[in-house]
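Please open the structure in a viewer and keep the selection panel at hand. The tour below proceeds from one selection to the next and states what is found at each stop.

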Amino acid sequence: MIKITDDAFDPWQELSTYQLEMRRDGEFGACANFIGTMRDMNEGDAVNGMFLEHYPGMTEKHLEKIVQSAKEQWDVLETLVIHRVGELLPNDPIVLVAVWSAHRKDAFEASRFIMEDLKSKAPFWKKESLNATNQQAEKNRWVKKNTSGY
Amino acid sequence: MTQSNSQMYEEAMPIKVLYFASLKELFGRSEDQLSVEELSTVEDVWKRVSEGRDISQQVLYSINQEYAEADSLVKEGDEVAFFPPVTGG
């Protein structure tokens, strides 16, 4: 399942609910998940909020494609991808990627693949709101690029 | 010959062009409806909407919500989008 949401979400609750509702009891031996959370500091500056923009339509399509590609490369039973958009505050969960499989290799590798592809290709953009300092008033800036995860 | 050329020009293709994030702010708009000539590429469209800027690694582009190449051809009714490197997750 792929979800893009304006609303704050609880990744632990989403994992628990999805795992119950996917009805795969006895089939999965592994679940690997990644949760990305908003920090209050970036590039040495205090950040008090963030706006996450996306490309409605293309973002969903691209995520579908990534998940499909993962399913072709690994033995995957279920996937859950949730990504937040809109206004966020520090400590808000931004992204959840979870993969269920029979064995850990498939779950670990497929979730890593989905996450890294999402970070480098899925059309989302972050704009940070920085705290005011003595030198300057509060300001906003677009994050220029994601760091490599490998 | 002249007539058919002029007909081609008159039958220029309508397309939709979208901008996101910092590019939307740079251009001061989120969308354009354009007519482009047949055999226009993504790069041709970019040159036109950006007033001649070079298409650089800092610009990504898609046609109908799929990543495209700079020399990909644009068709009538296509949705072309330009945006900066992605920073989600």
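## A central strand of chain A

Begin with A:Phe34, whose bridge partner in β7(A) is A:Val97. The coordinates belong to a predicted model, and every stop should be viewed with that in mind.

Extend the selection to the whole of strand β2 of chain A, residues 30–37, which pairs with β7(A) in the antiparallel sense over eight bridges. Next add β5 of chain A, residues 78–84; six bridges join this strand to β7(A), and the two again run antiparallel. Within that pairing, A:Val81 stands opposite A:Val97. A:Val97 is thus a convenient residue to centre on, with A:Phe34 as its bridge partner and A:Val81 opposite.

Now colour β7(A) by burial: the strand is mostly covered, with eight of its nine residues buried.

## Chain A as a whole

Zoom out to chain A, which holds three helices and nine strands. Followed along the sequence, these elements give the pattern β-α-β-β-β-α-β-β-β-α-β-β. The C-alpha trace spans about 60 × 30 × 25 Å along its principal axes. Chain A has 150 residues, of which 31% count as buried. Among its contacts with a separation of 6 or more, 74% are between residues 24 or more positions apart.

## A buried loop residue

Select A:Val76, in the loop between α2 and β5 of chain A. Is this residue buried or exposed? A:Val76 has 21 other C-beta atoms within 10 Å, and it therefore counts as buried; the cut-off for that class is 20 or more. Display its surroundings: beyond residues up to four places away in sequence, A:Val76 touches A:Ala70, A:Lys71, A:Val99, A:Ser101, A:Asp106 and A:Ala110.

Then draw a distance from A:Val76 to A:Glu87. The two are 11 residues apart in sequence, and their C-alpha atoms are 33 Å apart in space.

## Where the chains meet

Show both chains and select the residues in contact: 22 from chain A and 13 from chain B. On the chain A side, the elements giving two or more residues are α2 (58–73), β7 (93–101), α3 (104–121) and β8 (124–130). Which of them gives the most? The answer is α3(A), with four residues. Coloured by class, this side of chain A shows 12 nonpolar, four polar and six charged residues.

## The largest nonpolar core

Select the largest nonpolar core, a set of 46 residues in which A:Ile114, B:Phe20 and B:Phe83 have the most contacts. The element that gives the most to this core is β7(A), with seven residues, the strand already seen to be mostly covered. As general background, nonpolar side chains in soluble globular proteins tend to be buried together.

Centre the view on B:Phe20. Leaving aside residues up to four places away in sequence, B:Phe20 touches A:Glu53, A:Tyr55, A:Pro123 and A:Trp125 of chain A, together with B:Ala81 and B:Phe83 of chain B.

## The sheet of chain B

Finish with the five strands of chain B that form an open sheet, in the order β2-β1-β5-β3-β4 and with mixed pairing. At the edges stand β2 (31–36) and β4 (66–67), each with a single partner strand, so one side of each lacks a neighbour in the sheet. For the β4(B) edge, select β3 of chain B, residues 60–63: two bridges join it to β4(B), and the strands run antiparallel. The last residue to select is B:Ser62, whose bridge partner in β4(B) is B:Tyr67.

Key. Residues are numbered from 1 along each chain as its sequence is written. Chains are lettered from A and ligands numbered from 1 in the order in which they are written. This is a predicted model: local features need pLDDT of at least 70, side-chain atom pairs count only at pLDDT 80 or more; totals for chains, interfaces and linings use all residues. Two strands pair if DSSP finds at least two bridges between them. Two residues are in contact if their C-beta atoms, placed from the backbone, lie within 7 Å. Ala, Val, Leu, Ile, Met, Phe, Trp, Tyr, Cys and Pro count as nonpolar, Asp, Glu, Lys and Arg as charged, and the others, Gly among them, as polar. A nonpolar core is a set of buried Ala, Val, Leu, Ile, Met, Phe, Trp, Tyr and Cys residues joined through C-beta atoms within 7 Å. A residue is buried if 20 or more other C-beta atoms lie within 10 Å of its own, exposed if 12 or fewer, and partly exposed in between; C-beta atoms are placed from the backbone.
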